[in-house]
Amino acid sequence: MQTCTRFFAGRNTTGDEPAFERMVRASAQMGFDPKVWSRPLKRYDGDVPSCETDITNPCNTFDGPWVITMENFVSDDEIRILLDWGSRMNYERSQAGDMVTDTRTSSHSWCTDECYHDPNVAIIRQRIADVTGIPYANYECLQLLKYEVGEFYKAHDDHITEHNQQSHGPRLLTFFIYFNEVEKGGGTQFPKLNNMTIIPKKGRVLVWPSIVDDVNWSTENRTTHEALEVEQGRKFAANAWIHMRDFQAPFSIGCAG
C-alpha cells in the first residue's frame, strides 16, 4: 500500500542555466519566438559565440536569474477551450498559500478531472514538456485565473518551503500562460529586477525559476513577482507549476499540496 512518505520516482530536473538555454533554443526551433529578459552573467572564452549571435545570451540583457517569454504558445482555439473549462468548473476566490487574504483578490479554478484529461489540455501539457524537457507528471494541474477590474496579487514567491520535504520536491519553475490582452494594467512585475514588467498578450508565456539551483533548494528571492492591478478590462491566464519530481502520482492519492 502506498503512503505519503514513499518516494515517487521521477526525473530529478533542476532549473539550472543549461536547462534554460535548452528551453530557449527548443522554443525557437518550435517557432515560439523566445526572448530572454534576464539571465545569469555568462562569460565568453575561446570559440563561444558572442551575444550578437547567441539567442540564449542577447546583448544588454539584465544580469539576474532567468526570465524568458515565448509567443503564440497556445492557439486561439486552445485558449477558448481553457476559458470554457474555467467557467464550467466555477471560479472561486484565490488563496495566497492556503488562505484567503487581502494580498490576492483574483479568482481561480483548477483544471482537474475531466479538464485535466481533455485531449486538448493534454496536448498543451505535452508541448510544455517538449519545451522544458521536464515530464508533465511533474506538473501541478493548471490553475486557471481570472482578474476583474481592481484585482491583483501582491508581491510573493512561488516556492513553498514545505514542498522540499514532500515526495514531489519543490517547485522548480513557474510557466505562466496569458490568455488575452488587458486594456490597462494587469502586468507581471518583478520588483527586485528593477520592476521589470511583462505585459499580458494572448498566447504569450512567461517562465522563471522558483528556487536557487543548489542543494538547499532555497527560494530564488530575486524572482519575487506580483500581478499588477487590472485597471481596465479583464485578465485571464493560467499557472503551470513544475516540480522537481513526479507530482501527479502523490496528488492522485491525496499526498501532494
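Ile79 is located in helix H2 of this predicted model. With a relative accessible area of 4%, Ile79 lies under the 20% limit and is therefore classed as buried. Beyond its neighbours within four places in sequence, Ile79 makes contact with Val74, Tyr178, Phe179, Lys202 and Gly203. The last of these contacts joins distant parts of the sequence: Ile79 and Gly203 are separated by 124 residues along the chain, while their C-alpha atoms are 7.7 Å apart in space.

Contacts between residues distant in sequence also appear in the totals for the chain. Of the contacts in the protein chain between residues at least 6 apart in sequence, 76% join residues at least 24 apart. The protein chain comprises 257 residues, of which 53% are buried. Its secondary structure consists of five helices and 15 strands.

Nine strands are assembled into an open sheet of mixed pairing, with the order S2-S1-S3-S12-S8-S15-S6-S5-S4. Strands S2 and S4 form the edges, each pairing on one side only. Within the sheet, S8 and S12 run antiparallel and are joined by five bridges; Phe176 stands opposite Leu206 of S12. Strand S6 (residues 143-147) pairs with S5 in the antiparallel sense over four bridges, and S6 is also joined to S15 by five bridges, again with an antiparallel course. Individual partners on the S5 side include His108, which is bridged to Leu145 of S6, and Ser109, which is bridged to Leu144 of S6. On the S15 side, Tyr147 has Lys235 as its bridge partner. Strand S5 (residues 107-110) is in turn joined by two bridges to S4 (residues 92-93), and these two strands run antiparallel. In that pairing, Arg93 has Ser107 of S5 as its bridge partner.

The environment of S6 was examined further. Five of the five residues of S6 are buried, so this strand is largely enclosed by the rest of the structure. In a regular strand, side chains alternate between the two faces of the sheet. In S6, Gln143, Leu145 and Tyr147 point one way, whereas Leu144 and Lys146 point the other way, and all are buried.

Nonpolar side chains in soluble globular proteins tend to be buried together. In the present model, the largest nonpolar core contains 39 residues, and those with the most contacts inside it are Ile68, Met70, Phe73, Ile128, Leu144 and Phe175. Two or more residues are contributed to this core by each of helices H1 (17-29), H2 (76-88) and H4 (119-132) and by each of strands S3 (67-70), S8 (171-178), S12 (205-209) and S15 (235-243). Helix H4 gives the most, with five residues. Another core, of 16 residues, lies apart from the largest one and includes Tyr153, Leu193, Met196 and Val230. Within the largest core, Ile128 is one of the residues with the most contacts. Not counting residues up to four places away in sequence, Ile128 touches Phe73, Gly133, Tyr139, Phe175, Ile177, Ala240 and Ile242.

Ile128 also takes part in the lining of a cavity. Rolling a probe the size of a water molecule over the atoms shows where empty space is left. A search of the whole structure finds one cavity of 30 Å³ or more, and the largest cavity holds about 30 Å³ of space. Its lining is formed by Arg125, Ile128, Tyr139, Glu140, Cys141, Leu142 and Ala240. By class, this lining has five nonpolar and two charged residues, with no polar residue. Two of the lining residues, Tyr139 and Ala240, are also among the residues touched by Ile128.

Two asparagine residues have backbone angles of note. Asn60 has a phi near 65 degrees, a positive value in a residue other than glycine. Asn60 is found in the loop between strand S1 (35-39) and strand S2 (62-63). The relative accessibility of Asn60 is 83%, which is over 50%, so Asn60 counts as exposed. Asn195 likewise is not a glycine, yet has a positive phi of about 55 degrees. Asn195 lies in the loop between strand S10 (188-190) and strand S11 (196-198). The relative accessibility of Asn195 is 41%, and Asn195 therefore counts as partly exposed.

Note on methods. Residues are numbered from 1 along each chain as its sequence is written. This is a predicted model: local features need pLDDT of at least 70, side-chain atom pairs count only at pLDDT 80 or more; totals for chains, interfaces and linings use all residues. Side-chain values use heavy atoms; hydrogens and water are left out. On a 1 Å grid over the protein atoms alone, a cavity is a set of points where a 1.4 Å probe fits but cannot get out, and a pocket is an open set with protein on both sides within 12 Å along at least five of seven lines; lining residues have an atom within 4 Å of a point. Grid points are joined across faces, edges and corners, and a volume is the space filled by probe spheres set on the points. Ala, Val, Leu, Ile, Met, Phe, Trp, Tyr, Cys and Pro count as nonpolar, Asp, Glu, Lys and Arg as charged, and the others, Gly among them, as polar. Two strands pair if DSSP finds at least two bridges between them. A nonpolar core is a set of buried Ala, Val, Leu, Ile, Met, Phe, Trp, Tyr and Cys residues joined through side-chain atoms within 4.5 Å. Buried means under 20% relative accessible area, exposed over 50%, partly exposed in between (1.4 Å probe, protein chains only). Contact means heavy atoms within 4.5 Å.
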